Each structure stands twice: as C-alpha cells, then as structure tokens.
Amino acid sequence: MTDAAPLVLDPADDLHARALARLAGERIAWFTSTSRSGYPHAVPVWYLWHDGAVIVLSEPGAVKVRNAKRDPKVLVHLESGADEEQLTVLQGTVEVFDGASPEWMPRIGDDYFAKYADDLPPLELTPASMAARYSTLLRVTPVRLIAW
C-alpha cells in the first residue's frame with residue numbers, strides 16, 4: 001500500500017460535493033492501473049461509490065486485477081460530464097478481494113443492481129450470476145481528488 005492518508009470527501013465543500021454527485025450518478029468510470037511493462041492500463045468499468053470508496057466487480061483473471069495485485073496505486077477517472085467541462089479523477093489505493101463478491105452482495109447488491117437495472121437484463125445477468133462471474137472485488141480508497 002501507500003503511506004497516503006485516505007481522502008474523505010466533504011459534502012460541505014463545493015468541489016467535493018460535485019465529485020460526490022458525479023461518483024453517485026455516473027455509470028462508467030475508467031480504472032487505470034500500471035501494467036507489468038510500466039505503461040498505464042485504462043479500462044472502462046461499472047462501479048459503485050460505497051462508504052467512501054469505489055467498488056468494482058471483476059473477473060478474477062482480468063489484467064486490471066493482476067496489475068492491482070502488483071501495484072496498488074490506481075486512478076479512477078470519470079468522463080468529462082455533459083458540458084465536457086467537469087473533471088473528476090481519484091488517485092487511490094486498491095485492495096483486491098479474490099472470491100469476495102458473494103460476501104459483498106448483501107452490502108452492495110441492491111444499490112449496484114438499481115444503478116445498472118437497465119443494463120443487466122440484456123446481458124442476462126442476475127445478482128447470483130454477477131457474483132459468480134465477477135467474483136473479484138476491487139475496493140479503491142481515494143487519497144487525492146483532482147477535479148474542477
């Protein structure tokens with residue numbers, strides 16, 4: 001891990017409040033890790049903002065999981081917003097929980113499936129199949145916010 005203290009976003013701070021609203025409402029984030037070669041590896045992910053952290057469900061063999069196990073320093077980057085003038089990037093550290101989706105589903109399942117309710121049926125995904133296929137959970141704790 002890193003020595004950086006976790007960042008707690010303060011809803012009373014205007015910049016933090018906008019970041020919190022975007023983290024709660026956006027559907028896609030870019031998860032960036034560092035590859036074995038040292039180059040950035042960025043992939044779009046579904047995610048959930050939960051208890052001050054970004055939660056990503058992943059297939060266990062995904063490159064992002066391997067990278068996160070090797071180097072826990074990651075970025076979570078949201079799109080630029082409807083007006084293309086908003087920036088929300090979290091620098092953070094990631095914890096990898098192999099096989100943990102089933103135990104996390106009682107905590108995050110309702111919110112996760114409400115967020116992606118329109119996306120899951122066409123993919124024939126249910127909470128149980130999602131937990132089985134995307135059994136690795138990545139939990140990103142922010143240490144720095146880059147936003148405007």
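The lining of the largest pocket is made up of 12 nonpolar residues, 1 polar residue and 3 charged residues, and this pocket, found in a predicted model, encloses about 270 Å³ of space. The lining comprises 16 residues, and those that lie nearest the centre of the pocket are V45, W46, L57, M130 and Y134. Two strands and one helix, namely β2 (residues 40-46), β4 (residues 53-58) and α4 (residues 127-133), are the elements that each give two or more residues to this lining. Rolling a probe the size of a water molecule over the atoms shows where empty space is left.

Some of the residues around the pocket also appear in the description of the nonpolar core. The largest nonpolar core has 41 residues, and the members that touch the most other members are L23, F31, Y47, V54, L57, Y112 and M130. L57 and M130 are among the residues that lie nearest the centre of the pocket, and both are also listed among the core members with the most contacts to other members. For F31, when residues up to four places away in sequence are not counted, the contacts are with H41, A42, V43, V45, K64, V74, L75, V76, V94, L138 and V140. Among these partners of F31 is V45, which is one of the residues nearest the centre of the largest pocket.

Helix α2 was examined next. The residues of α2 that are buried are K64, V65, N67 and A68. When the helix is viewed down its axis, these buried residues fall within an arc of 165°, and they therefore line one face of α2. The elements against which the buried residues of α2 pack are the strands β1 (residues 28-34), β2, β4, β6 (residues 88-97) and β7 (residues 136-147). K64, one of the buried residues of this helix, is also among the residues touched by F31. R70 belongs to the same helix, which spans residues 63-70, but R70 is partly exposed, with a relative accessible area of 41%. Once neighbours within four places in sequence are left aside, R70 is in contact with T34, S35 and R36. The C-alpha atoms of R70 and S33 are 9.6 Å apart in space, although the two residues are separated by 37 residues in sequence.

Several loop positions were then considered, beginning with the loop between α3 (residues 101-115) and α4, where E124 is placed. L123 lies in the loop between α3 and α4, as does L125. L123 is exposed, with a relative accessible area of 52%, and E124 counts as exposed at 70% relative accessibility, whereas L125 is buried, with a relative accessible area of 14%. Apart from residues up to four places away in sequence, L125 touches L120, M130 and Y134; of these partners, M130 and Y134 are included among the residues nearest the centre of the largest pocket. In C-alpha to C-alpha terms, L125 lies 30 Å from D71, with their positions 54 residues apart in sequence, while L123 and S37, which are 86 residues apart in sequence, are 33 Å apart in space.

Backbone geometry draws attention to two of the loop residues. Most residues other than glycine have a negative phi, and most peptide bonds are trans. E124, although not a glycine, has a positive phi of about 55°, and D51, likewise not a glycine, has a positive phi of about 50°. D51 is found in the loop between β3 (residues 48-50) and β4, and at 64% relative accessibility D51 counts as exposed.

A further loop position is S80, located between β5 (residues 73-78) and β6. S80 is partly exposed, with a relative accessible area of 30%. The C-alpha atoms of S80 and W148 are 10.0 Å apart in space, and the two residues are 68 residues apart in sequence.

Notes. Residues numbered from 1 in each chain as written. Predicted model: local features only at pLDDT ≥ 70, side-chain atom pairs only at ≥ 80, totals over all residues. Heavy atoms only, no water. Core = buried A, V, L, I, M, F, W, Y, C linked by side-chain atoms within 4.5 Å. Buried < 20%, exposed > 50% of the residue type's maximum accessible area, 1.4 Å probe, protein only. Contact = heavy atoms within 4.5 Å. 1 Å grid on protein atoms, 1.4 Å probe; cavity = no way out; pocket = protein on both sides within 12 Å on 5 of 7 lines; lining within 4 Å. Points joined across faces, edges and corners; volume = space filled by probe spheres on them. Helix = DSSP H or I, 4+ residues; strand = E, 2+ residues; numbered from the N terminus. Nonpolar A, V, L, I, M, F, W, Y, C, P; charged D, E, K, R; others polar. Arc of directions from axis to C-beta.
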